[in-house]
Amino acid sequence: MKLIHLSDLHIGKRVNEFSMLEDQKYILAQILGIVKDEQPDGVILAGDIYDKAVPSAEAVQVFDYFLTELSRLGTAVFLISGNHDSAERLAFGSRLMRESRVFSAPVYDGKLTSVCLEDSWGEVWIHLLPFLKPAAVRHVYENEPADTSEEAVSTALSHLNLDPQKRNVLAAHQFVTGASLSESEELAVGGLDQIRAELFEPFDYVALGHIHSPQQVGRETIRYCGTPLKYSFSEAGQQKSVTVAELREKGNIQVRTIPLKPLHDMRRLRGTYLEVTAKSFYEQFDREDYVQITLTDEEDVPDGMQKLRVVYPNLMRLEYDNKRTREGHLIEAVERLEEKTGLELFEEFYELQNNSPMSERQRAFAGKLMEEIDKEREV
């Protein structure tokens, strides 16, 4: 059983006010070529199909084309909503689309959509868990724990009737603790949206969406495939890819990636104005790439953005790194430090030491302890 794992297409996204639609059309056509070559049994789209809950007409057309072409290639498609999507809009026409083997998760109502595929080793169950907020689970299961994302997901999965003898695949769109982040993700303050990888222990493969950097979390078969395109300069050094999971007999899963080549790459450039505008500097790469330039000149270059765009037409961001900006950053850092409470500083220290945020119970304990210390000081 071969599955291709995709997520976070973010169709219709703008990066630094640049529309990414042409880049998205290009990369989706490349993905269709991979699907044609690989001939998988299914393609999983693990959420954030669109960048907005109400996508533009052109974004809808791009996804409609992609979905139609996937169906024409004869592969089953498994689709869930992400935090950027409207679950209601994505599920529109789902009953009709099932006839074309396009399976989408409806708005969460206490039940998960599960689809059975078969190969020479038997059944493979694909379970579709849309992006969950605690309120959605509390609405269905009023008497069960669902105050945090972890409790909500745990409660939802506890009502899934799994056969542990079968091979089970889960598509989910959540933030698993320990995953490495980039600048383009949106996370809840205080880490309330985080869940532990241990919740996914019963599943043979977990196709995750939400985090934009390709990576495994815990074990190799709990995986974020990442975005097919770079959506922030913190991702400039990444190799974007398509993830392929091949499930053989129970317990035997092979995971590999197929690299993607974008229409325009994303680069960070650094140097003086004279250095970055020298032909010997820019002839090493495609000047049409999306770039962030950090100028090290001590004096700002008048109309620097306009001048640099003569050489780099897709310049997205211009920054300076010199004595003036470094002093400004130092002042800002001191001001931000003074604005933080003792508990906030302790939380940052805890996360730095443990590579994970404090739990609500730990936060409450630390807060109570600090209150007692403050009272003793007052006495």
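This passage describes strands, a surface patch and salt bridges in a predicted model.

Strand β4 spans residues 42–46. Five of its five residues are buried, so β4 is largely enclosed by the rest of the structure. Both faces of the strand are covered. G42, I44 and A46 lie on one side, V43 and L45 lie on the other, and all are buried. In a regular strand, side chains alternate between the two faces of the sheet.

Strand β4 has a partner in β1, residues 2–6. The two strands run parallel and are joined by four bridges. Within this pairing, L6 is the bridge partner of L45. H5 stands opposite I44. Strand β4 also pairs with β5, residues 76–80. This pairing is parallel too, and it extends over five bridges. Here I44 has F78 as its bridge partner. Between β4 and β5 the chain passes through helix α2, residues 57–72. This β-α-β crossover is right-handed.

Strand β1 is also largely enclosed by the rest of the structure, because five of its five residues are buried. K2, I4 and L6 point one way from the strand. L3 and H5 point the other way. Strand β1 pairs with β15, residues 241–247, in the antiparallel sense. Four bridges make up this pairing. In it, H5 stands opposite T243.

An open sheet of six strands follows the order β7-β8-β9-β12-β14-β13, and its pairing is mixed. Its edge strands are β7 (113–119) and β13 (215–217), each of which pairs on one side only. On average, neighbouring strands of this sheet are turned by 30 degrees against each other, direction ignored. At one edge, β13 is joined to β14 (residues 219–224) by three bridges. These two strands run antiparallel. V217 stands opposite R219 in β14.

On the surface, F365, L369 and I373 form a nonpolar patch. Together they have about 290 Å² of accessible area. I373 belongs to helix α12, which covers residues 360–378. Its relative accessible area is 38%, so I373 is partly exposed.

The model contains 18 salt bridges. One of them joins the side chains of K13 and D51, at 3.6 Å from N to O. This pair links distant parts of the chain, 38 residues apart. K13 sits in the loop between β1 and β2 (14–15), and D51 sits in the loop between β4 and α2. K13 is buried, with a relative accessible area of 11%. D51 also counts as buried, at 14% relative accessibility.

A second salt bridge lies within helix α2 and joins E69 to R72. The closest N and O atoms are 2.8 Å apart. E69 and R72 are three residues apart in the helix, so about one helical turn separates them. R72 is exposed, with a relative accessible area of 65%.

R267 and D289 also meet in a salt bridge, at 2.6 Å from N to O. R267 lies in strand β17 (residues 266–271), whereas D289 lies in the loop between α8 (279–282) and β18 (290–295), so the pair ties together parts that are 22 residues apart in sequence. R267 is partly exposed, with a relative accessible area of 28%. D289 is buried, at 3%. Elsewhere, K2, E38, E246 and R256 are joined into one network by salt bridges that share partners.

Key: Residues numbered from 1 in each chain as written. Predicted model: local features only at pLDDT ≥ 70, side-chain atom pairs only at ≥ 80, totals over all residues. Heavy atoms only, no water. Pairing = 2+ DSSP bridges. Axes fitted to C-alpha atoms, helices over the stretch in contact; angles between N-to-C directions. Patch = residues over 30% accessible without salt bridge, like charges linked within 9 Å, V, L, I, M, F, W, Y side chains within 5 Å. Areas by Shrake-Rupley, 256 points an atom, 1.4 Å probe, with all protein chains shown as cover. Salt bridge = Lys/Arg side-chain N within 4 Å of Asp/Glu carboxyl O. Buried < 20%, exposed > 50% of the residue type's maximum accessible area, 1.4 Å probe, protein only. Right-handed = clockwise from strand over helix to strand, strands pointing away.
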